[in-house]
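I opened the model today to look at its ligands and metal sites. My notes follow in the order I took them.

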Amino acid sequence: MATNPTQIELIQPDDWHLHIRDGEVMKDVLADTARQFARAIIMPNLKPPVTTVDLANAYRARIEGQLKALGMNSFTPLMTLYLTDNTSADEVRKAKAEGIAAFKLYPAGATTNSDAGVSDLKHCHAALEAMQAVGMPLLVHGEVTSSEIDIFDREAVFIDQVLEPLRKNFPELKIVFEHITTLQAAHYVRDAATAGKNTIGATITPQHLLMNRNAIFAGGIRPHNYCLPVLKREEHRIALLEAATSGSSRFFLGTDSAPHAKGAKETACGCAGCYSAFNALGLYAEAFESVGKLDKLEGFASFFGPDFYALPRNTKKITLVKQAQSIPNELPLGDATIVPLRAGETIAWSLV
Ligand code: OTD
Ligand code: ZN
Ligand code: ZN
């Protein structure tokens, strides 16, 4: 590949961490993702959360209905279940049998709609044992929730207090450390001993590769750059970019695109979440190009995710061109609007 290519071709990527909500707004956000990605891991933090196989199957049917209405028939949703203190080993085995892709651990209260999450992992022993036995991945929102721990430290503390003990107790459990935001997380995943097995991975969002915490306060408060885990210092952004572009198969693409209507963000107590789905691939291409590593984008975006989940890689190809795309100030979201990441500005790369 030339050092400064103006066009790159890659196997079609998947999004290994995505929120598409439900009801009226779903079709608007789903279309943005299905234009770019072949598959996506669909997060279960609905109200009420998707805690059973039956709820996930019903949710999948609603998604497929919307895709059909949109005339988008080549996109596959990969469903997840929300782990609770009461998830049984039987539900885990049923999930495996019915093609559920993963379980999601939200420490109670850690992020949007996580109140029904796990209060203490000791309640989940049987479910975790079953996941380990059947090869069901556990996706973790890796932050402690204690209000005494500084918000910028919650991910690093989670590694010591929760993740490391979890991996000790369940050494064969496949774990994805979702949307990592710190140098500590990037190095933990990079250096984790796995006895040659594929037992740890991490997703990284475009906003954490492109912005540091100054972006939340640039000239005034910027609610559309506020997400959880919150953006960190520049040294962390650099460590994440290094991990994503390293060629290590432990790091793969997960946008964590998390739509909220404009009014729910621009208010006294605004919701957390960045809407990156509109041109997520363009954002990732910018990040990789910024360190001269566009040649590492395909592994991160298209290969390492399916390899971790033991799913086939996609075969169709897509092309990105270095052509600035203007990002609208607002996009439709049901009967409201949403402000996408980079609203009113441009993204340097576009999907052909
Ligand atoms: N973070 N917002 C949301 C989820 C994520 O932690 C996450 O996965 C959301 O709105 O569902 C957010 O900031
Ligand atoms: Zn999360
Ligand atoms: Zn998320």
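Entry 1: ligand 1 and its shell. I am working from a predicted model. I listed the residues around ligand 1 and got 15. Arg 21, Asn 45, Leu 228, His 260 and Ala 272 come nearest. I then sorted the shell by class. Nine residues are polar, four are nonpolar and two are charged.

Entry 2: polar contacts of ligand 1. I looked for side-chain N or O atoms facing the ligand's oxygen atoms. Arg 21 has one at 2.8 Å from an oxygen atom of ligand 1. Arg 21 is also among the residues that come nearest. For His 141, the distance from a side-chain N or O atom to a ligand oxygen is 3.0 Å. For His 19, a polar side-chain atom lies 3.3 Å from an oxygen atom of ligand 1. Next I checked cover. Ligand 1 has 330 Å² of accessible area on its own, and the protein covers 100% of it. I also asked where ligand 1 sits. I found it in the largest cavity.

Entry 3: the zinc ion, ligand 3. Which protein atoms are its donors? I noted NE2 of His 17, NE2 of His 19 and an OD atom of Asp 256, lying 2.0 Å from the ion. Along the chain these donors follow the spacing H-x1-H-x236-D. I checked the geometry too. The site has four donor atoms, with angles of 93 to 119 degrees among them. I logged this site as tetrahedral, because four donors count as such if all angles lie between 85 and 135 degrees.

Entry 4: the zinc ion, ligand 2. Its protein donors are ND1 of His 141 and NE2 of His 179, at 2.0 to 2.1 Å. The four donor atoms here make angles of 56 to 146 degrees, and I logged the site as irregular. Last, I took the distance between the zinc ions, ligand 2 and ligand 3: 4.1 Å.

Entry 5: cross-check. His 19 is a donor of ligand 3 and has a polar side-chain atom 3.3 Å from a ligand 1 oxygen. His 141 is a donor of ligand 2 and has a side-chain N or O atom 3.0 Å from a ligand 1 oxygen.

Note on methods:
Residues numbered from 1 in each chain as written. Chains lettered and ligands numbered in written order. Predicted model: local features only at pLDDT ≥ 70, side-chain atom pairs only at ≥ 80, totals over all residues. Heavy atoms only, no water. Near = heavy atom within 4 Å. Polar contact = N/O pair within 3.5 Å; in protein donor to acceptor, adjacent residues only side chain to side chain. Areas by Shrake-Rupley, 256 points an atom, 1.4 Å probe, with all protein chains shown as cover. 1 Å grid on protein atoms, 1.4 Å probe; cavity = no way out; pocket = protein on both sides within 12 Å on 5 of 7 lines; lining within 4 Å. Sits in = over half its atoms within 2 Å of the grid points. Nonpolar A, V, L, I, M, F, W, Y, C, P; charged D, E, K, R; others polar. Donors = N, O, S within 2.8 Å, 3.2 Å for Na, K, Ca; no water. Tetrahedral: all angles 85-135°; square planar, octahedral: opposite > 155°, others 65-115°.
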